[in-house]
Each structure stands twice: as structure tokens, then as C-alpha cells.
Amino acid sequence: MRQDQEDPYQRRSAPVYAAADRAGPGSVASPRAVLYDAVLLDRDGTLIEDVPYNGDPEKVRPVPGARAALDRLRAAGLRLAVVTNQSGLARGYFTGEQMRAVHARVEELLGRFDAWLVCPHDDADGCDCRKPAPGLVYAAARELGTTPSRCVLVGDIGRDVGAAMAAGAAGVLVPTPVTRPEEVAAAGWTATDLPAAVAEILRRQQAVQPSTPPTEPVRTALVVRSDSAGDVLVTGPAIRAVAAGAERVVLLCGPRGRAAANLLPGVDEIIEHPLPWIDPAPGPVDPEAMRSLTARLGAVGADQAVVFTSFHQSALPLALLLRMAGIDRIAAISDDYPGSLLDIRHRVPVGVPEPERALSLAAAAGHQLPDGDEPVLRLRRDAVPPRPADLGDPGYVVLHPGSAASSRACPPEVATRIVGALADAGHRVLVTGGPDERAVTARVAAAGGTDLGGRTDLAGLAAIVADASAVVVGNTGPAHLAAAAGVPVVSLFAPTVPFGQWGPYRVPTVRLGDAAAPCRDTRAASCPVPGHPCLSGVEPGDVVDALRILAVSGGGGR
Ligand SMILES: [Zn+2]
């Protein structure tokens, strides 16, 4: 609905008021591989001081630093939209005319916005646009000629971040005194104020683009990502960036990441070898194995090595082996002093999503995604087998209760109740798990789903996930398979590691679970708290509601 139309009540889900008096923006989606085309801003409490149900332009007061911060975004070529819940319209506290006068005053003080998207409903209307529903984010992206994944939304409450995530956009929470502590805990990205949020948006945007191209051409690049399937999958965009700048890419991975490595585009060869300084349950260091690994790495003939790690992993022991293997251009993230082990020592602040963290290292090494390649997770099409025919039509919900780390798995009794609730709501549920998780998947599926425990390898699971309408999963590899397929995720996220770094990347997501549970930031592999409280409190009805927010219906459609 346009801002110049008077009656906001004609349609139950009238999506938006937009800036009708302005020329259509056309497509602005940048061909360059940037993170963001647009910044969406909540109005009350984010751009201007929150005056409840304000219909008076005289009461508009921008938050400190707002004008200068917005002008920085405009100068960087980012488009701006306001996305705001105004239930005062539904409740009759002010008129559409008064609201437009307020918006005119906002633009007088803060400059022009490319679009205004307003939800005029209140909660009782059950519309698709009142945040945390994602309707305004979808509408804003459409108005601005881009996609939600290329938008970042700044807001002051959990509803704002929830709407962003449910559309697959990034969300920055700028807390105010009214922001609830649990909303702050659940947010993957927070900033102290609007100027700080803007500074970090621009920093992240800049960080994935090389400041200088590689000084010498790269014939063979050796990229490294040890650890598990999820770790390898989230490094995929960065590996594609390196592949765009190198003739040949050799990936060193560990045994637990091998199946994921096979799925990555851009990889020409794979070397599989465990790294005892990375593995969570390492064997003793075997000098002979290290000598043999060094020889294999030397035989690659790489003229550049890019060593990807997650935070709290060290790239330096491998950098030493790479030096001994004769590789003289090595890039890695290291807070620890690297001496002469690294040519490019890259630093990244805590909280950056793993795929962007890795992309920023690739950029520091001179590489970026080619034009037209989005910074999203992707799989090689030819590496994913056809889906088993006996699973019926696409449109089912996948529930994956397990995880390699038990601290991040959904408790089986909770998963069982979720399956029952989903079945009651009309969803077809497939329960997936590895060969060692068959007892759990059988028990969980008995509540009303189909047990696929042990039936698939990772590639087969990717095929099943790709045809799902949504995946319900903890912080584990299949969440990243869903992201790679663009399939919405209900994330049962144990807060042992930061959600902002490890949450499903650039895919519509609803986060459930207690983000402030005592296991927060412990990086524990098995839950350190009796009863696994971060996930044991998830209510099955919350999962059903999450699917509704993600527009996944129980009829099998989406
Ligand atoms: Zn609405």
C-alpha cells in the first residue's frame, strides 16, 4: 500500500506505504560482489527518539549523530529505507496524514530516504508485515531493486532483528533502555549507537574487497580449512574468491571436513590430513606424519597459501610447515605475533560471520568473488546426488536433531515433541541423522515423522535438504547445507559460540533457544550445564510459529 492511499484497513496484509511520489528506483543490485546494497532503518528509537504514537512533526528528535551517519551511508552508495511498525494507525491514535507529516519532518532533519515501508497493523491483525514478520524487509528490498540478503537492517528491539533474519537480511541491534536483555543476548550483531552501527556496516563492506590486487599472478593457491563439515562449508565463499584469482586451487582439509570439501565449487584438488593443533580430540603429534605432510604440501608447488581458521584456532603451526615446504607467500588471521611465519597477518574483530571473516582474509590476500557471484554458501551441483525417489514431493520439513558436538544437539525429548507438533500442524517431517545417530532419529521420528537416520552421507543429506521447505536444526553442518540451498532454517542455536559468527548465513532464519544460558560462549563440546537448558526449554509451538513467520505452510507448500 502506498503512503498516499488513505485507508490502511482495506486489506488484512496491506504490505507497505512507499514513497509514491518518487521515481521508481529500478534495479540497483550491484554486479560487484559487495555485502550490501541497502540499509533499512527502524524509525522509533533508532532514527528518532521514541515518542509513543507520535502524530506531531514538532516532536521529531533525531538520535545523536544520525544525520552524519546516514550521510556516510549515502556517500558510500548505499540506498536507505525506513521500515517501521505503526500500529497507532490501526488503533486510531493518529491519521495517515499526520504520519506523513512526521515523515516529512524526519526527511527535513535527516535527509531523503529511498523508500518508506510502514506496517499499519497491530498484532491482532495477523499480517505479514508487522515486525518480526519479514514482510517489510521483503517489500523494502523490492522497492530498492535488490534482495533481502543484500540488505542490513538497524533497529532497537528484537522485533527488528527478527524481521531481518526471517527475510535472510543481516540485522544490527542498537539497544536502548527499553531493549530487553534477552533481545540483546539473542542478537548476533549489536552496536552501541547508530553511528557505531554504520561504521561497522561500512567496515564489513570494505573488508571483503581487496585494497590492492595481488602483486604477482597466482598459478596455484593452497587453501586450508581443517575441522568439521560446517567449518569447511562456511569457508566456501572465500575459497571461491581465491579460485577467481588463481589458476588452480588445492584444499587441505581434515578427515571430518572431507565430505564437505567434496561439495565446494572452486576446489581442484583435495589433500586430507588431520592437524593435531586444530582437532578437538587430537592424537599425539607424530613427527613422521608431520614430515610426510610437509613433503606433500611442498609437492603442491603453490605460490600462495591462505590458511583459514575460526577464532581460537591458530594458523601458526601450519604456517611453519608451509614455510618448511618452501611456500613463500602465506596469509592467515592471527592475533598472536607471527614473526616471519606470515606475509599477510590479518586481524578481524570478534562477531563477524565466519563466511565474511574468511572472505576478508581472501581479500587481504588480494582476492574477491567475481562479478555476479554472491557472498553466499554454495555447493557444486555435480557433487549432490539425486534425492531418493521414495521421499515423495518436495516441501517437507527436515528435522536434524543431532550434532557432532552434543552441546549443540537438540535434546531428543524436545525433538520428539517438535515432530509431534509439526505433524499435528500438517507438516511432513523427515528426521535425519548420521549412522551413529540411528537410535535417536528412530525415537524422534516415531512421534510422527519419517526416519532417515543413517540413510545418507553428507552429499545425500544436501540433496534432501535442498528440496525441504525448511530445516529445523541446531548449530551444526546441516544448517549450513540449508543456507547453501537457500532453504529457511529454524535454528535451535546453543549459544556456546556466538550466533553472529555461526548462525545460518544469508538465509531466512528464526532463532530459538535461550541465548543467555550459562553455556554461552564456553565453546563447550558437551553441555557444561545440567539439563542442557539452552535448548531444553524450546517449546514445540515456537517451532510451528517460526515456520509460520518463514511462510512455510503445513500443506507441504512454501
Ligand atoms: Zn502489517
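In this predicted model, leucine 399 has valine 431 in β13 as its bridge partner. That contact belongs to a wider pairing. Strand β12 (residues 397–400) and strand β13 (residues 429–431) run in the parallel sense and share three bridges. Between the two strands the chain passes through helix α14 (residues 412–424), and the resulting β-α-β crossover is right-handed.

β12 also pairs with strand β15 (residues 470–474). Here too the sense is parallel, and there are four bridges. Valine 397 stands opposite alanine 470 in β15.

What covers the faces of β12, or are they open? Both faces are covered. Val397 and Leu399 are buried on one side. Val398 and His400 are buried on the other. Leu399, the bridge partner of valine 431, is thus among the buried residues of β12.

Next comes the metal site. Four residues coordinate the zinc ion: Cys119 through SG, His121 through ND1, Cys127 through SG and Cys129 through SG. The distances are 2.1 to 2.2 Å. The four donor atoms make angles of 99 to 115°, and the site is tetrahedral. Along the chain, the donors follow the spacing C-x1-H-x5-C-x1-C. Of these donors, cysteine 119 and histidine 121 are both buried.

A cis peptide bond joins lysine 131 and proline 132, with omega at about 20°. Proline 132 sits in the loop between β3 (115–119) and α4 (135–143).

Now the internal space. The structure holds five cavities of 30 Å³ or more. The largest has a volume of about 350 Å³. Its lining counts 23 residues, and those nearest its centre are Ala169, Ala170, Gly171, Pro353 and Pro504. Three elements give two or more residues to this lining: α5 (158–167), β5 (170–173) and α18 (499–502).

Two backbone details close the tour. Arginine 523 has a positive phi, near 60°, and is not a glycine. Its place is in the loop between β17 (509–512) and α19 (533–536). Is arginine 523 buried, exposed or partly exposed? The relative accessible area of arginine 523 is 44%, so the residue counts as partly exposed; the class lies between the cut-offs of 20% and 50%. Alanine 551 also has a positive phi near 60° in a residue other than glycine. Alanine 551 lies in the segment after α20 (540–549).

Methods:
Residues numbered from 1 in each chain as written. Predicted model: local features only at pLDDT ≥ 70, side-chain atom pairs only at ≥ 80, totals over all residues. Heavy atoms only, no water. Buried < 20%, exposed > 50% of the residue type's maximum accessible area, 1.4 Å probe, protein only. Pairing = 2+ DSSP bridges. Right-handed = clockwise from strand over helix to strand, strands pointing away. Donors = N, O, S within 2.8 Å, 3.2 Å for Na, K, Ca; no water. Tetrahedral: all angles 85-135°; square planar, octahedral: opposite > 155°, others 65-115°. 1 Å grid on protein atoms, 1.4 Å probe; cavity = no way out; pocket = protein on both sides within 12 Å on 5 of 7 lines; lining within 4 Å. Points joined across faces, edges and corners; volume = space filled by probe spheres on them.
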